[in-house]
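Below is a short briefing on one protein model. Please look through the sequence and the coordinates before reading the notes.

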Amino acid sequence: MAWTTPQDVIDAWIGSDAPSETSLLNIWLQKAEREIRFRVPDLQARIDAQAELIPPLTDLQEAAVDVAVAMVTRVFRNPEGIRQTNTTTGPFTESATYGGDVPGGLVLTDDELAKLQGVQTHGAFTIDMIPSTSVFSPNYVAPGTTL
C-alpha cells in the first residue's frame, strides 16, 4: 500500500526548482517505501490498527509520508551524491557541504527511523527470586491463615 504521492513531495519542496516528472517521483517514492517497510516491518499493521480506532488516528501514516518525502527530497536535491561543491569566480568562492553518511542516498536517518518505530514496550524487568513460601516474600501467607 502506498502512503505517499508525488504531489506530497512537490508540496513539501522548498524553492522554485520542484521536480515535475511525477512518474520519476513515483518510482523513487516506491523505493523509499520499500526501504521503510524493510526497516520497520510492522509499520503497515500499526498504521492499520490506528485507522481502526475510534476516532481514527493518522499520526503514524503522516510520519511515514514525512519520512518518505524527506528521503526522496534528499535524492532529488543531490542526485550525484556529492559531499561538497566549490565554485570560484574571481575573488569569490561559493561552497556547499551536504550532510549525512550517504549524501543524496535513499536512506533513513536515525531520527526518521525512531519516528516510525514508535514506543518500545520492551525494557528492564525483575524476577522475584524469593519463593512465596518464605516469610520475606511480599506474597507470604502464614500457614493456617485463611483468606
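Is T4 buried or exposed? T4 has a relative accessibility of 4%, so T4 counts as buried; buried means under 20% relative accessible area, exposed over 50% and partly exposed in between, with a 1.4 Å probe and protein chains only. This is a predicted model, in which local features need pLDDT of at least 70, side-chain atom pairs count only at pLDDT 80 or more, and totals for chains, interfaces and linings use all residues. Residues are numbered from 1 along each chain as its sequence is written, and side-chain values use heavy atoms, with hydrogens and water left out.

**Segment before α1, and α1**

- T4 sits in the segment before α1; helices are DSSP runs of H or I with at least four residues, strands are runs of E with at least two, and both are numbered from the N terminus.
- Beyond its neighbours within four places in sequence, T4 is in contact (heavy atoms within 4.5 Å) with L29, E33, A64, V65, A68 and V69.
- V9 belongs to helix α1 and is buried, with a relative accessible area of 0%.
- Not counting residues up to four places away in sequence, V9 touches L25, L29, V69, V72 and T73.
- The C-alpha atoms of V9 and L25 are 7.9 Å apart, while 16 residues separate the two in sequence.

**Nonpolar core**

- The largest nonpolar core, a set of buried Ala, Val, Leu, Ile, Met, Phe, Trp, Tyr and Cys residues joined through side-chain atoms within 4.5 Å, has 21 residues.
- Those with the most contacts inside this core are W3, V9, I36, L43 and L116.
- Two or more residues of this core come from each of α2 (22–39), α3 (43–52) and α4 (59–77), and α4 gives the largest share, nine residues.
- Leaving aside neighbours within four places in sequence, I36 is in contact with W3, L43, A64, V67, A68, M71, L108 and L116.

**Helix α2**

- The 18 residues of α2 should span 26 Å at 1.5 Å a residue, and its end C-alpha atoms are 25 Å apart, which agrees; the expected span is 1.5 Å times one less than the number of residues.
- The buried residues in α2 are L25, L29, A32, E33 and I36.
- Seen down the axis of α2, these buried residues fall within an arc of 100°, so they line one face of the helix; the arc is that of the directions from the helix axis to the C-beta atoms.
- The cover over the buried residues of α2 includes α1 (6–12), α3, α4 and α5 (110–117).

**Helix α3 and the loop after it**

- In α3, the buried residues are L43, Q44, I47 and Q50.
- These residues fall within an arc of 120° seen down the axis of α3, so they line one face of the helix.
- The buried residues of α3 pack against α2, α4 and α5, whereas the face turned away from them carries the exposed residues A45 and E52.
- P55 is in the loop between α3 and α4, and the peptide bond from I54 to P55 is cis, with omega near -10°.

**Strands β1 and β2**

- Strands β1 (residues 84–89) and β2 pair in the antiparallel sense over six bridges; pairing requires that DSSP finds at least two bridges between two strands.
- One bridge partner pair is N86 with S95 in β2.
- Two residues lie between the strands of this hairpin, where G90 takes a positive phi near 60°.
- Strand β2 (residues 92–97) is hardly covered, with zero buried residues among its six.
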